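The following paragraphs lead through the packing of helices in one protein chain. The reader is invited to keep the sequence and the coordinates at hand while following them.

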Amino acid sequence: MATLTDPPEHGFRLSQLIYDTRYRSLTIQVVAMILLALMMSWLVSNTIQNLAALGKDINFGFLWQPSGYDINQRLISYDSQATHGRAVVVGILNTLLVALLGCILATILGVIAGVLRLSSNWIVSRLMAVYVEGFRNVPLLLWIILIFALLTESTPAPNAFRGDEPTSSMFLDAVAVTNRGVYIPALHFASPLSQNGAVTWGVILLVLALSIFAITRIKRWATATQEATGVRPATWHYTLGLLIVPVGALLVTMGAYLDLPALQGFNFAGGTHLRNSLIALWLALSLYTGAFIAEIVRGGILAISKGQSEAAFALGLRPSTTMNLVILPQALRVIIPPLISQYLNLTKNSSLAIAVGYMDARSTLGGITINQTGRELEGMLLLGLFYLVLSLIISAAMNIFNASVKLKER
């Protein structure tokens, strides 16, 4: 039974959607979503009408048509009679290859340059400053073209390795650096069970992943033992064994052997041919992005209190040990978020590969394929979807790593 002191009860009124703070934000979001949906619907409808006026429709059947063009650098088998879909897969794999290699090398260069920029040695710190400022303030495209020109013009031709007294020689009789690219040994398999290259490398990667998983479990066991007893058991021999023995046994079982490059006729045959376009793109992306990562690492280190270093020195730790075990682990919490953006930038900047003739996803799907088929809308939609999915995967993986290194509250 209501009393005189109870507030009056009112039903819901439409005006509350605007004037009541409990509903206002929800109302704005719903209206914004409706307007966005209407805009997207208008864009799709307008596109379909314009295509119909031109006698065209949205059709992805071109992916199953013969491509009719060659791709010089490829990780899987491909020829000009293959479909556009397979050409797209080859281009995507080339993009993933240069992005993975670039992220690895850029991280190594960035960490080293970032740490050395804080060195007490004046010459070392200034040299790193010149590297960072030089690469950051020159467009990436210029670095790609410059490195490609240096590789093409300053390296010897294959005929320089011919004759009784050649002017050039192979490094360790296994690696040849020429103006057509670098020839390195290739890993082949003699066992009939390893005729399918994709399956073979998939099995190798699976065994390697299982070995790494076992190593992480051993490290967790060592950490638990250290917390319980105060003594950390040695695990390096377990780590070394798990990295070498399983993969080594698998390679022996598959009859693995090295195919060395050899000069035959006017060029080298055998081995693996790394074209100058791939090397130039890889080095340019790595050096350019590494300069930005160096500044991120330097900022992360400066964000850590000097008391951490002083405490480590008071305990007798060396400067290198202090940096590896005390400073950098704490600086990761500051370094990783902007580092994700640099990985994304490197991956998307790989689309500049067309400047040196490296056939990536942009050159195949976004270039030759749409020029031959006239399916520019479908090609660009697929290309944008690929870069979107790849960027989301990189962000998700790095965010998982970021969550693993953040401070754990007890």
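At what angle do the axes of helix α10 (residues 319-349) and helix α12 (residues 376-405) cross? In this predicted model, the two axes come within 10 Å and cross at roughly 165°. Since angles over 145 degrees count as roughly antiparallel, α10 is therefore roughly antiparallel to α12. The crossing in which α10 passes α12 is right-handed. On the side of α10, the contact is formed by Leu-332, Arg-333, Ile-336, Pro-337, Leu-339, Ile-340, Tyr-343, Leu-344, Thr-347 and Lys-348. These residues meet Tyr-387, Leu-390, Ser-391, Ile-394, Ser-395, Met-398, Asn-399, Phe-401, Asn-402 and Val-405 of α12. Sorted by class, the contact of α10 with α12 comprises 13 nonpolar, five polar and two charged residues.

Helix α3 (84-116) takes part in two further packings. With α4 (122-136), α3 packs at an angle of about 135°, and the axes are 8 Å apart. The relation between α3 and α4 is therefore oblique. Here α3 passes α4 in a left-handed crossing. Leu-109, Ala-113 and Leu-116 of α3 make this contact with Val-124, Ser-125, Met-128 and Tyr-131 of α4. Six of the residues in the contact of α3 with α4 are nonpolar, one is polar and none is charged.

The second partner of α3 is α11 (residues 361-373). The axes of α3 and α11 come within 7 Å and cross at roughly 155°, and the pair is therefore roughly antiparallel. His-84, Ala-87, Val-88, Gly-91, Ile-92 and Thr-95 of α3 face Ala-361, Thr-364, Leu-365, Thr-369, Gln-372 and Thr-373 of α11 across this contact. The contact of α3 with α11 divides into five nonpolar, seven polar and no charged residues.

Which residues of α11 are buried? They are Ala-361, Ser-363, Thr-364, Leu-365, Gly-366, Gly-367, Thr-369 and Ile-370. The elements that cover these buried residues include α3 and α12. Just after α11, Gly-374 adopts a positive phi of about 75°.

Attention may now turn from pairs of helices to the nonpolar cores. In soluble globular proteins, nonpolar side chains tend to be buried together. The largest nonpolar core has 55 residues, of which Leu-281, Tyr-343 and Met-398 touch the most other members. Two or more residues each come from α3, α4, α5 (140-153), α8 (276-302), α10, α11 and α12. The largest contribution to this core, 13 residues, is that of α8. Leu-281 touches Val-98, Ile-144, Ser-350, Ala-353 and Tyr-358, when residues up to four places away in sequence are not counted. A second, separate core consists of seven residues, among them Ile-71, Tyr-78, Ala-87 and Val-90. Two residues named above recur in the contact of α10 with α12: Tyr-343 belongs to α10 and Met-398 to α12.

Finally, is Arg-318 buried or exposed? Arg-318 lies in the loop between α9 (306-314) and α10. Because its relative accessible area is 62%, Arg-318 counts as exposed, the cut-off being over 50%. The C-alpha atoms of Arg-318 and Met-170, which are 148 residues apart along the chain, are separated by 41 Å.

Methods
Residues are numbered from 1 along each chain as its sequence is written. This is a predicted model: local features need pLDDT of at least 70, side-chain atom pairs count only at pLDDT 80 or more; totals for chains, interfaces and linings use all residues. Side-chain values use heavy atoms; hydrogens and water are left out. Axes are lines fitted to C-alpha atoms, for helices over the stretch in contact, and angles run from 0 to 180 degrees between N-to-C directions. Helices (H or I, at least four residues) and strands (E, at least two) are DSSP runs, numbered from the N terminus. Angles under 35 degrees count as roughly parallel, over 145 as roughly antiparallel, 65 to 115 as roughly perpendicular and the rest as oblique. A crossing is left-handed if the near helix is turned anticlockwise from the far one by less than a right angle, and right-handed if clockwise. Contact means heavy atoms within 4.5 Å. Ala, Val, Leu, Ile, Met, Phe, Trp, Tyr, Cys and Pro count as nonpolar, Asp, Glu, Lys and Arg as charged, and the others, Gly among them, as polar. Buried means under 20% relative accessible area, exposed over 50%, partly exposed in between (1.4 Å probe, protein chains only). A nonpolar core is a set of buried Ala, Val, Leu, Ile, Met, Phe, Trp, Tyr and Cys residues joined through side-chain atoms within 4.5 Å.
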